[in-house]
Amino acid sequence: MPRDLESEKATLEGMPPLLKETETSSFPDDPPPLYRMPTTLMDDAYKRLKDLHPYSLLLSPDDLDQCDWLEHAAFEPHEAATQEKLEYRLRTCGELCTGLFSSAYTTSDGKLGDLVRTRKFPSIDSSDSDRKKVLLGHIIATKHTSPLVTDDSMAFPADWRTNYQLTPKTGHNEDGQTICLHSLAVHPDFHGRGLGRVLLLGWSQRMRDSGVGKRIALICREKLVPWYEKHGFKKVGPSNCSYGGGGWFDMVMEFDDMPKEDL
């Protein structure tokens, strides 16, 4: 036997026998946010989505029509982003934006089939024009230099179509280290299915791992503060943003505050 194989055999023989032990996993009273949970512990959450077969994709200007439709279905008119603002964000920083899609035929049963029959959806591919691509949820975001979401970060330059800037005062700033989550929208027909949790889980993990920023910041109504706290955000306090009539609360997820093993 060659020397290297003899050495390997001796090493293996000197190792203690492997023991098969049964480990019991359970959720603590205060469970960690979803982005820190092993997927095996989220089986129940994903089972609720089994009939929808959702899949995640980066958003692009091609998705503008669906994003505009979903934005206005999910939010009150004075809170929803305008179509031009959505177009600006999708064209300028689409890599920060994620959509949760499903597909169905106009003959499909259930809520998804009912929804497909309400409007004209794009075909999911050229070879199957009857199968429609449906946006169930989206996250729209930009970057800014402020550590919190501000009115400037939520706005966009008036001349953005003709005068592109990397670091404008308003809108998306490439040098910014704060990822501003402007819209987490789920279609009302599918509330309570865990789509928002799954969408936020995948997106926040991608933002953290990509290294494009140091934190995620958002504003939300007071009733949603506990939900975001459950998913890793910390409440800062009342926001100075006047968008949509004001009355918002600042929430922040600092990536540096996460345990090193999670990074």
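Biologist: Why is Cys67 called buried?

Modeller: Its relative accessibility is 0%. Buried means under 20%, so Cys67 counts as buried. Keep in mind that this is a predicted model.

Biologist: How do you know that Cys67 is not bonded to Cys97?

Modeller: The sulfur of Cys97 is the closest cysteine sulfur to that of Cys67, at 7.7 Å. A disulfide needs two cysteine sulfur atoms within 2.5 Å. The sulfurs of Cys67 and Cys97 are therefore too far apart for a bond.

Biologist: What rules out a disulfide for Cys97?

Modeller: For Cys97, the nearest cysteine sulfur is that of Cys93, 5.1 Å away. The cut-off is 2.5 Å, so Cys97 is in no disulfide. The structure holds 0 disulfides.

Biologist: Is Cys97 buried or exposed?

Modeller: Buried. Cys97 has 0% relative accessibility, and the limit for buried is under 20%.

Biologist: What makes Ser146 buried or exposed?

Modeller: The relative accessible area of Ser146 is 18%. Under 20% is buried, so Ser146 is buried. Ser146 sits in the loop between β3 and α6 (151-154).

Biologist: How do you know that the side chain of Ser146 has a polar contact with the backbone of Leu148?

Modeller: A polar atom of the Ser146 side chain is 2.9 Å from the backbone oxygen of Leu148. The cut-off is 3.5 Å, so the pair falls within it.

Biologist: Why is Thr118 called exposed?

Modeller: Thr118 has 55% relative accessibility. Exposed means over 50%, so Thr118 counts as exposed. Thr118 lies in the loop between α5 (110-116) and β3 (131-144).

Biologist: What does the side chain of Thr118 lie 2.6 Å from?

Modeller: The backbone oxygen of Leu115. That distance runs to a polar atom of the Thr118 side chain. The limit for a polar contact is 3.5 Å, so 2.6 Å is within it.

Biologist: How far apart are Thr118 and Thr106?

Modeller: In sequence, 12 residues. In space, 9.4 Å from C-alpha to C-alpha.

Biologist: How many cavities of 30 Å³ or more does the structure hold?

Modeller: There are 2. The largest has a volume of about 60 Å³. A cavity is a space where a 1.4 Å probe fits but cannot get out.

Biologist: Which residues line the largest cavity?

Modeller: Tyr88, Thr92, Pro157, Trp160, Asn163, Tyr164, Gln165, Pro168 and His172.

Biologist: What makes up that lining by residue class?

Modeller: The lining of the largest cavity has 5 nonpolar residues, 4 polar and no charged. Tyr, Trp and Pro count as nonpolar. Asp, Glu, Lys and Arg count as charged, and none of the lining residues falls in that class.

How values were computed. Residues are numbered from 1 along each chain as its sequence is written. This is a predicted model: local features need pLDDT of at least 70, side-chain atom pairs count only at pLDDT 80 or more; totals for chains, interfaces and linings use all residues. Side-chain values use heavy atoms; hydrogens and water are left out. Helices (H or I, at least four residues) and strands (E, at least two) are DSSP runs, numbered from the N terminus. Buried means under 20% relative accessible area, exposed over 50%, partly exposed in between (1.4 Å probe, protein chains only). A polar contact is a pair of N or O atoms within 3.5 Å; within protein, one must be able to donate a hydrogen and the other to accept it, and residues adjacent in sequence count only if both atoms are side-chain atoms. On a 1 Å grid over the protein atoms alone, a cavity is a set of points where a 1.4 Å probe fits but cannot get out, and a pocket is an open set with protein on both sides within 12 Å along at least five of seven lines; lining residues have an atom within 4 Å of a point. Grid points are joined across faces, edges and corners, and a volume is the space filled by probe spheres set on the points.
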